[in-house]
Amino acid sequence: KACLDAWRSFLDAGPTLLKAAMQPTAVPTLVLHGAADPLVRARHSAPGEAWVTTSETVVLDGAGHWPHWDEPDAVNQRLAAWLVAGLDDAWDPIDPA
C-alpha cells in the first residue's frame with residue numbers, strides 16, 4: 001500500500017514534474033485507459049492538451065489496468081476507428097504542421 005500511495009502522489013504531481021521534460025507535439029495520440037484501473041486513476045491518463053495537441057483519451061468502463069486484456073473487442077474497435085479517422089485527416093508525419 002505504501003508503494004502504491006507513493007506512486008499515486010507522484011502521478012498527482014506529474015504535470016509539474018513532467019512539464020519541463022516534455023516538449024509539445026502535434027503527433028496524433030490515442031490514450032486508452034481502464035476506468036477500473038486500481039493502480040493508475042483515469043484522470044492521470046490524459047496527456048494534456050498543452051503537450052499533445054492532437055490527443056484523444058478514451059476511458060473504457062469495463063477495463064482495469066490492462067484494457068487490451070480486459071476489453072479486447074472495445075480496444076480493437078476504438079483503435080480501428082481512430083486509425084481510420086487519422087487516415088481521413090491525412091496527417092503528414094514528415095510535415096505535421
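These legends walk through several close-up views of a predicted model.

**View 1. The whole chain, with 4 helices and 2 strands.** Reading from the N terminus, the elements follow the order α-α-β-β-α-α. Of the 97 residues in the chain, 20% count as buried. The surface that the chain exposes comes to about 6800 Å², and carbon and sulfur atoms supply 61% of that area. If we take the contacts in the chain with a separation of 6 or more, 73% of them are made by residues 24 or more positions apart.

**View 2. The largest nonpolar core and valine 75.** Five side chains are worth picking out here: Leu30, Val58, Leu60, Ala63 and Val75 together make up the largest nonpolar core, with 5 residues in all. Valine 75 is a good place to pause. Once its neighbours within four places in sequence are set aside, valine 75 is in contact with Leu32, Leu60, Pro67 and His68. Leu60 thus turns up both in the core and in the contact list of valine 75.

**View 3. Histidine 33 in strand E1.** Histidine 33 sits in strand E1, which covers residues 29-34. Is this histidine buried or exposed? With a relative accessible area of 8%, histidine 33 counts as buried, because the cut-off for buried is under 20%. A polar atom of the histidine 33 side chain lies 2.9 Å from the backbone oxygen of valine 40. Leaving out residues up to four places away in sequence, histidine 33 touches Val40, Arg41, Ala42 and Ser45, and also Val58, Val59, Leu60 and Pro67. Val58 and Leu60, both on that list, are also members of the largest nonpolar core.

**View 4. Aspartate 37 in the loop between E1 and E2.** Aspartate 37 has a relative accessible area of 10% and is buried. Which partners does its side chain reach? One is the backbone nitrogen of leucine 39, at 2.7 Å. Another is the side chain of histidine 65, joined to the side chain of aspartate 37 by a polar contact of 2.8 Å. Not counting neighbours within four places in sequence, aspartate 37 is in contact with Ala63, Gly64 and His65. Among these, Ala63 belongs to the largest nonpolar core, and Gly64 is the subject of the next view.

**View 5. Glycine 64 in the loop between strand E2 and helix H3.** Strand E2 spans 55-60 and helix H3 spans 67-70, with glycine 64 in the loop between them. Glycine 64 is buried, at 9% relative accessibility. Neighbours within four places in sequence aside, its contacts are Gly34, Ala36, Asp37 and Asp70. For a sense of distance, look across to arginine 41: glycine 64 and arginine 41 are 23 residues apart in sequence, and their C-alpha atoms are 10.0 Å apart in space.

**View 6. The aromatic pair of tryptophan 66 and tryptophan 69.** A pair of aromatic rings is described by two values, the distance of the centres and the angle of the planes. The count here comes to 1 aromatic pair. Tryptophan 66 and tryptophan 69 form this pair, with 5.4 Å from centre to centre and 35 degrees between the planes, and the arrangement is tilted. How exposed are the two residues? Tryptophan 66 counts as partly exposed at 43% relative accessibility, whereas tryptophan 69 counts as exposed at 61%.

Terms used. Residues numbered from 1 in each chain as written. Predicted model: local features only at pLDDT ≥ 70, side-chain atom pairs only at ≥ 80, totals over all residues. Heavy atoms only, no water. Core = buried A, V, L, I, M, F, W, Y, C linked by side-chain atoms within 4.5 Å. Buried < 20%, exposed > 50% of the residue type's maximum accessible area, 1.4 Å probe, protein only. Contact = heavy atoms within 4.5 Å. Phe/Tyr/Trp six-rings, centres within 6.5 Å; stacked < 30°, edge-to-face > 60°. Areas by Shrake-Rupley, 256 points an atom, 1.4 Å probe, with all protein chains shown as cover. Polar contact = N/O pair within 3.5 Å; in protein donor to acceptor, adjacent residues only side chain to side chain.
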